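I opened the notebook to keep track of what I looked up in this structure. The entries follow the order in which I checked things.

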Amino acid sequence: MNREMLVSSLRKDLQPWDVIVIGGGATGLGAALEATTRGYRTLLLEQVDFAKSTSSKSTKLVHGGVRYLAQGDVSLVREASVERGRLSANAPHLVRNLAFVIPTFSWWENLKYTIGLKLYDWLAGRLSLGRSVHISRTEALNRLSTLQQNKLSGGVLYHDGQFDDSRLAINLAQTISEKGGVALNYMKVVGLSKDENGKLSGVTVRDILNGGEDDIHLNATAIINATGVFADDILEMDNPAAPKSIAASQGVHLVVDREFLPGHDALMIPQTSDGRVLFMVPWHDKVVIGTTDTPVNHISLDPHPLEKEIKFILDTAAQYLAKAPKREDVKSLWAGLRPLAAAKAEGHKTKEISRSHKIIVSRSQLLTIIGGKWTTYRRMAADVINKMEEVLRWKSTTSPTEHLRVHGAMEVDWQDPWYFYGTDAAHIRRLIEKNPQMNQELSARYHIVKAQVVWAVREEMARNIEDFLARRVRLLFLDAREAIRIAPAVARIMAEELHKDEHWVATQISSFEAEAKGYLLDVE
């Protein structure tokens, strides 16, 4: 994916687009792939980088939603469980079957969680990832050796999926390109245009990387607003009087070393003090602990964890682990905003607002899709394209994505530090074979070499240090200090590829260091 070539082509191409999708997170990428594979001339525009916001800051789970089952939302659990199975088949290099243990402390908890998770299995049907079973106290401790042993009676073992969110986003963008669509990052929609009947007819877009010069006007028949927590910005661009559609909720995660949860299984705490579940999940040889659920009024690209959220996660972990992580053990932390569909009645806690998606059709025929989660991104995409065909009275088409394998799909060795590249790993290794300098080591601990930076620039549209260190490899999310350490080397490699000068390098390093500090936890 050559960004500069695509932008140049965009400026020259006056042919109208069938579909323009605004937003390059899970929902937008899914919608653009759905439209492209149904034969529509499709363009996706993302104001910053793909999955920069919510879609790179998940708990890294592809799951049916155990807590939604507890809330009685059986249809959502069924839908998510089915989509989990499809995503596992379509992206086997990114999604893996992960065993979870729920520790139990009484016979009643044993019975309750065993029955509940048997229902969870049943709802997934033939797409279930494995049977749920009650396990003894001894087996629970064998699987999770760092569990608190006091009053532990046993556990329930169940299966869900784990994945790498921003890597899936990049692979979806590549799949869109391979299927004939166009996906562009750093292209901000700054205006909507309408015809004499008040129907949308196009967008005005600004190339953020080009200093905002020479806005481009693009004509389109259908426009889909898939901007997640920023959906209201586009709705207000369409109609300044549009009511609020989003109730944003912040979720925080902490990352610690594997010593706090060795082994191959994850820990799920089904009932915390705030009524949520808490996960401790092995991921890229670290452990992700989260999440929180804090209503927020201010929506930004880079939300920051609140002290009370950090304390809640550490305190909850301490209740279940014999050796609990302290502040100084946190290698990285981040906050993401969930784009929940606003409740009609006031007073709902965000954890009680349904994660089901919602499609809004404006008078101008702007289609806005909100809510949902990564697991159901494909189903959300199919629904919004179906609605688009209905609203515009186009011929109804069938979704081709149920069994569409995404770019990179292959069976992988999960011990390979480059497993997440899938089929692209071979291409990166070929770069090294042709030029041994490409094997220049940037981080021995995290197996990062020069060739990965070059590949990210040439083939994955990485255009700054953060794109690479946060979303092409996940170092900023795994070890913020190590990311800061290697940032200068990354900047110089990118500058060589992008033909940038020393001023660009210095600006990049300064900007990234400021950003990365938000991923560091101060030690009191």
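**Entry 1: K450**

Which residues does K450 touch, not counting residues up to four places away in sequence? I worked on a predicted model. In that model I found K450 touching Q437, M438, Q440, L442, I493 and E496. I placed K450 in helix α12. Its relative accessible area is 11%, so I entered K450 as buried, the cut-off being under 20%. I also noted the pair K450 and I432, which are 18 residues apart in sequence, with 9.0 Å between their C-alpha atoms.

**Entry 2: the whole chain**

I then stepped back to the chain. I counted 16 helices and 20 strands in its secondary structure. The radius of gyration is 23 Å and the globule rule gives 24 Å for 524 residues, so I recorded the chain as being as compact as a globular protein of that length. Along the principal axes, the C-alpha atoms fill a box of roughly 70 × 55 × 40 Å.

I looked up burial next: 60% of the 524 residues are buried. For contacts with a separation of 6 or more, I noted that 71% are between residues 24 or more positions apart. The exposed area is about 21400 Å², and carbon and sulfur atoms supply 50% of it. As for charge, I noted 65 positive and 64 negative charges, whose mean positions are 4 Å apart.

**Entry 3: helices α4, α5 and α10**

Is α4 largely enclosed or largely open? Twelve of its 17 residues are buried, so I put it down as largely enclosed by the rest of the structure. The buried set includes E79, E83, R84 and R86, along with L76, V77, A80 and V82. Helix α4 covers residues 74–90 and reaches 24 Å from its first C-alpha to its last, close to the 24 Å expected at 1.5 Å a residue.

Helix α5 covers residues 107–124. Its 18 residues reach 26 Å, close to the expected 26 Å. I listed N110, Y113, T114, L117, Y120, D121, L123 and A124 as its buried residues. I kept in mind that an α-helix has 3.6 residues a turn, so residues three or four places apart point the same way. Just after α5, G125 takes a positive phi of about 60 degrees.

Helix α10 has 16 residues, 377–392, and should span 22 Å at 1.5 Å a residue; its end C-alpha atoms are 22 Å apart, which agrees. Among its buried residues I noted Y377, R378, V384, I385, M388, E389 and L392. R393 follows α10 and has a positive phi, near 60 degrees.

**Entry 4: backbone outliers**

My reason for listing these is a general one: most residues other than glycine have a negative phi, and most peptide bonds are trans.

Which peptide bond is cis, with omega near 20 degrees? I found it running from G290 to T291. T291 sits in the loop between β14 (286–290) and β15 (294–295).

I found a positive phi at H284, near 50 degrees. H284 belongs to the loop between β13 (278–283) and β14.

M461 is not a glycine, yet its phi is positive, about 60 degrees. I located M461 in the loop between α12 (450–459) and α13 (465–472). Is M461 buried or exposed? Its relative accessibility is 0%, so I logged M461 as buried.

**Entry 5: R96 and Q271**

I found R96 in strand β4, residues 96–104. At 23% relative accessibility, R96 counts as partly exposed. Leaving out residues up to four places away in sequence, R96 touches D160, G161, Q162, P282 and W414. I checked R96 against V412 as well: 316 residues separate them in sequence, and their C-alpha atoms are 9.8 Å apart.

The last residue I looked up was Q271, in the loop between β12 (266–269) and β13. Q271 has a relative accessibility of 51% and counts as exposed, for which the cut-off is over 50%. Leaving aside neighbours within four places in sequence, I found Q271 in contact with R276 and Y320.

Key:
Residues are numbered from 1 along each chain as its sequence is written. This is a predicted model: local features need pLDDT of at least 70, side-chain atom pairs count only at pLDDT 80 or more; totals for chains, interfaces and linings use all residues. Side-chain values use heavy atoms; hydrogens and water are left out. Helices (H or I, at least four residues) and strands (E, at least two) are DSSP runs, numbered from the N terminus. The radius of gyration is taken over C-alpha atoms; the globule rule is 2.2 Å times the number of residues to the power 0.38. Buried means under 20% relative accessible area, exposed over 50%, partly exposed in between (1.4 Å probe, protein chains only). Contact means heavy atoms within 4.5 Å. Accessible areas come from the Shrake-Rupley method with a 1.4 Å probe; for residues, only the protein chains shown count as cover. Lys and Arg count as positive and Asp and Glu as negative; His and the chain ends are not counted. The place of a charge is taken as NZ of Lys, CZ of Arg, CG of Asp or CD of Glu. The expected span of a helix is 1.5 Å times one less than its number of residues.
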